[in-house]
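User: I'm new to looking at protein models. Could you walk me through this one, one feature at a time?

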There are 2 protein chains.
Amino acid sequence: MNLHLTQHSGVPPYLQIISQIKQLIASGRLNVDQELLPIRVLAEKLLINPNTVARAYRELETAGWLYTKRGAGTFVAAGTTAFSAETCRKQIRERVCALLVEAAHMNISVAELIKLIREMGNDLGKGDKES
Amino acid sequence: MNLHLTQHSGVPPYLQIISQIKQLIASGRLNVDQELLPIRVLAEKLLINPNTVARAYRELETAGWLYTKRGAGTFVAAGTTAFSAETCRKQIRERVCALLVEAAHMNISVAELIKLIREMGNDLGKGDKES
DNA sequence: ATTATTGTATTAAGCACTTAATACACTTTG
DNA sequence: CAAAGTGTATTAAGTGCTTAATACAATAAT
């Protein structure tokens, strides 16, 4: 769990935590059922208020990335989303649409985009495991 | 220019305008050098304050989608971005990374993602022209 | 049981985002 | 040159987001 907050990016800390934990999970550097740092511990490491970490954990749980056992800790959930297949498709399609629009404006072809996705998609599964 | 604001989506009007105009341009339904509706006219159509439209136009200009001739109007810019190739790659890579993470969590494979991009990428160029 | 450790809930303060009101400046048109 | 039409700039109000302070509740460890 090596999280790192960027101070002057304009991105709220709780969102930075969320996206970084998502990446850790998706890349396999955090395993299913592995326990995360307790809210207060992570908060101390990051020099922020425990509530901020709590919010990140809570939203990750709502979206199906984590589950919590009160009094025991917070853990990585099995890889299933909390949303319906239909909702997922809709969300993904919206993201892809926006991506295509931006890529087109940057003179990045669909072919290049696909190449990039292939590369990065392969890398995702290759993260080093950590305790 | 058929823009449509969704009221209760939580997305600010100026952002809705921005993304819709980007799509219109990327899909070719708005042509290079074509004049957009004047700020006040679009504002009246959408029942919002002219400043809100002005903000959308301004940000689109900053990002290289539009150009303005003061006193004359606002127009679709040629298809080049306002950012360096390096900055573009970085932005695209970040978007792709986030997309891959979400897709993985939704049990959408890289192959499916690529298929989706191919389909939607083809559709993008096929928008009907409008006056 | 008791204590320590974990997450949860409530409230409020600060701050930034978003929109609106209004006045200004530049171009085009006649 | 005058008038109408265009984008621009400044300021302020409202609202929601974000974080923090603090107290609560459930579980684990002993």
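Analyst: Sure. Keep in mind that this is a predicted model. Let's begin with DNA strand C, which is surrounded by 25 residues.

User: Which residues are the closest to DNA strand C?

Analyst: The closest are B:P12, B:P13, B:Y14, B:N49 and B:G71. Now look at the elements behind that surface. Chain A gives two or more residues from each of α2 (39–46), α3 (50–62) and β2 (73–76), while in chain B it's α1 (13–26) and α3 (50–62) that do so. The largest share, four residues, comes from α3(A).

User: How do the residues near DNA strand C divide into nonpolar, polar and charged?

Analyst: There are ten polar, nine nonpolar and six charged residues on that surface.

User: Next, the place where the two chains meet. How do I read an interface?

Analyst: People often give its size as the accessible area lost when the parts come together. Here we can count residues instead: the contact takes 32 from chain A and 31 from chain B. On the chain A side, α1 (13–26), α4 (85–105) and α5 (110–124) each give two or more residues. The largest share of that side is from α4(A), with 14 residues. By class, the chain A side has 21 nonpolar, six polar and five charged residues.

User: And what about the nonpolar core? Which residues touch the most other members?

Analyst: The general idea first: in soluble globular proteins, nonpolar side chains tend to be buried together. In this model the largest nonpolar core has 46 residues, and A:L100 and B:L100 touch the most other members. Try clicking on A:L100: leaving aside neighbours within four places in sequence, A:L100 is in contact with B:I117, B:M120, B:G121 and B:L124.

User: Can we zoom in on one helix? Which residues of α3(B) are buried?

Analyst: Those are B:V53, B:A56, B:Y57 and B:L60. A handy rule is that an α-helix has 3.6 residues a turn, so residues three or four places apart point the same way. The buried residues of α3(B) are on the same side of the helix because they cover an arc of only 95° around the axis. What covers them includes α1, α2 (39–46), β1 (66–69) and β2 (73–76) of chain B.

User: Which exposed residues does the face turned away from the buried side carry?

Analyst: That face of α3(B) carries B:N51 and B:T62. As for length, α3(B) has 13 residues and reaches 18 Å from its first C-alpha to its last, close to the 18 Å expected. Just after α3(B), you'll find B:G64 with a positive phi of about 95°.

Terms used: Residues are numbered from 1 along each chain as its sequence is written. Chains are lettered from A and ligands numbered from 1 in the order in which they are written. This is a predicted model: local features need pLDDT of at least 70, side-chain atom pairs count only at pLDDT 80 or more; totals for chains, interfaces and linings use all residues. A residue is near a molecule or strand if its C-beta atom, placed from the backbone, lies within 6 Å of it. Ala, Val, Leu, Ile, Met, Phe, Trp, Tyr, Cys and Pro count as nonpolar, Asp, Glu, Lys and Arg as charged, and the others, Gly among them, as polar. Two residues are in contact if their C-beta atoms, placed from the backbone, lie within 7 Å. A nonpolar core is a set of buried Ala, Val, Leu, Ile, Met, Phe, Trp, Tyr and Cys residues joined through C-beta atoms within 7 Å. A residue is buried if 20 or more other C-beta atoms lie within 10 Å of its own, exposed if 12 or fewer, and partly exposed in between; C-beta atoms are placed from the backbone. The expected span of a helix is 1.5 Å times one less than its number of residues. The arc is that of the directions from the helix axis to the C-beta atoms.
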